[in-house]
Protein chains: 4
Amino acid sequence: MHGYTQNKDDYAKRLRRIEGQVRGLARMIDNDEYCIDVLTQVSATTKALQAVALGLLDEHLQHCVAEAVADGGGQADEKIREASDAIARLVRS
Amino acid sequence: MHGYTQNKDDYAKRLRRIEGQVRGLARMIDNDEYCIDVLTQVSATTKALQAVALGLLDEHLQHCVAEAVADGGGQADEKIREASDAIARLVRS
Amino acid sequence: MHGYTQNKDDYAKRLRRIEGQVRGLARMIDNDEYCIDVLTQVSATTKALQAVALGLLDEHLQHCVAEAVADGGGQADEKIREASDAIARLVRS
Amino acid sequence: MHGYTQNKDDYAKRLRRIEGQVRGLARMIDNDEYCIDVLTQVSATTKALQAVALGLLDEHLQHCVAEAVADGGGQADEKIREASDAIARLVRS
């Protein structure tokens, strides 16, 4: 069980759509479409991926972090450090 | 003919790899893998997409923009405005 | 008392340095320095600001969020939602 | 003479405003304001800096790059490479 488990179907659907967007990018390049049009679609795909990341992160905070804190078993610090590292990677990607 | 035309095969290969990364993300979620591990892979996939965008943009400047300027036919301003708009979308995505 | 309170002096010092970087940018432009050199300094300043944001966010999670969860007083959800919104603004800025 | 020269006053004004925003951040921290409110202002300041960068880059393309290409003196490739490197730093900051 993880933060996102109850929304697995939603994430599966969003990732399938993103996979389709990436395939669409390959098709645009294969069809020699205009660079700027390809770039617009790359930005849209990146935004969709970032939205998935923000969703996963929110659920990580709501479930994994909150449970580790409530648990009081000493895992909270590590969970929060992991979350902060993931946020830093996201901001810089 | 566009900026990226001579590197089409390279872009096709990179996009196929990114498509595989997105499929890998869906698999990780289907297997209930740890949120933070999924997030690490989302960041890697986003970085790979951004690298494709930076490559396309560089070739747009080298070819489409440079040709429009050299051409002197008055298209340069529009090409540069399009490039700047694409850069802004990229920075904000 | 907030997450960052115990590190106030450190943040004050970092922000003074960033203020100096912004003043340096104004001076570079006043001296007609090369655009690309100005851009390199803008990127360095942006990175320094993002690092401040990541630090504040980490301390928000460690203190404000963790305390709200441990408290059990029902404020945890709101704190986490605020944190997720702040992360989203950061990723998109 | 650089791309931005004709808009120097505008950039000077924007950077003075950003300097004021950074000073405002220091004041918020000195006054122990709520972390999330500080983060909102950090995001606004980052966005303002990114907007300066996008403006400088657009003028670099419009002037420095376009002139180097029109000049035909062989400097165009270097200018474009510099611009692409600056874009990459911007996207990753």
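1. Let's start with helix H1 of chain A and helix H1 of chain B, in what is a predicted model. How do these two helices run relative to each other, parallel or antiparallel? Their axes come within 9 Å and cross at roughly 175°. Angles over 145 degrees count as roughly antiparallel, and H1(A) and H1(B) are therefore roughly antiparallel to each other. Each of these helices covers residues 8-30 of its chain.

2. Which residues make this contact? From H1(A) they include A:Tyr11, A:Leu15, A:Ile18, A:Val22 and A:Ile29. From H1(B) they include B:Tyr11, B:Leu15, B:Ile18, B:Val22 and B:Ile29. Charged residues take part too: A:Lys8, A:Glu19, A:Arg23 and A:Asp30 on one helix, and B:Lys8, B:Glu19, B:Arg23 and B:Asp30 on the other. By class, the contact has 14 nonpolar, no polar and eight charged residues.

3. Now look inside chain D, at helix H1 (residues 8-30) and helix H2 (residues 35-71). These two pack at an angle of about 160°, with their axes 10 Å apart. That angle makes H1(D) roughly antiparallel to H2(D). The crossing of H1(D) past H2(D) is left-handed. Sorted by class, their contact has 14 nonpolar, four polar and three charged residues.

4. The next pair joins two chains: helix H2 (residues 35-71) of chain B and helix H3 (residues 76-92) of chain D. Here the angle is about 150° and the axes are 10 Å apart, which makes H2(B) roughly antiparallel to H3(D). Is the crossing left-handed or right-handed? H2(B) passes H3(D) in a right-handed crossing.

5. It is worth finding the residues of that pair on your screen. On H2(B), the contact is made by B:Gln50, B:Leu54, B:Leu57, B:Asp58, B:Leu61, B:Gln62 and B:Ala66. On H3(D), the partners are D:Ile80, D:Ala83, D:Ser84, D:Ile87, D:Ala88, D:Val91 and D:Arg92. The contact of H2(B) with H3(D) has nine nonpolar, three polar and two charged residues.

6. Finally, how many cavities of 30 Å³ or more are there? The count comes to one, and about 70 Å³ of space lies in the largest cavity. Of the 13 residues that line this cavity, the closest to its centre are A:Val91, A:Ser93, B:Val91, B:Ser93 and D:Val91. You have already met D:Val91, in the contact of H3(D) with H2(B). Helix H3 (76-92) of chain A and helix H3 (76-92) of chain B are the elements that give two or more residues to the lining. The lining divides into six nonpolar, seven polar and no charged residues.

Definitions and conventions. Residues are numbered from 1 along each chain as its sequence is written. Chains are lettered from A and ligands numbered from 1 in the order in which they are written. This is a predicted model: local features need pLDDT of at least 70, side-chain atom pairs count only at pLDDT 80 or more; totals for chains, interfaces and linings use all residues. Side-chain values use heavy atoms; hydrogens and water are left out. On a 1 Å grid over the protein atoms alone, a cavity is a set of points where a 1.4 Å probe fits but cannot get out, and a pocket is an open set with protein on both sides within 12 Å along at least five of seven lines; lining residues have an atom within 4 Å of a point. Grid points are joined across faces, edges and corners, and a volume is the space filled by probe spheres set on the points. Helices (H or I, at least four residues) and strands (E, at least two) are DSSP runs, numbered from the N terminus. Axes are lines fitted to C-alpha atoms, for helices over the stretch in contact, and angles run from 0 to 180 degrees between N-to-C directions. Angles under 35 degrees count as roughly parallel, over 145 as roughly antiparallel, 65 to 115 as roughly perpendicular and the rest as oblique. A crossing is left-handed if the near helix is turned anticlockwise from the far one by less than a right angle, and right-handed if clockwise. Contact means heavy atoms within 4.5 Å.
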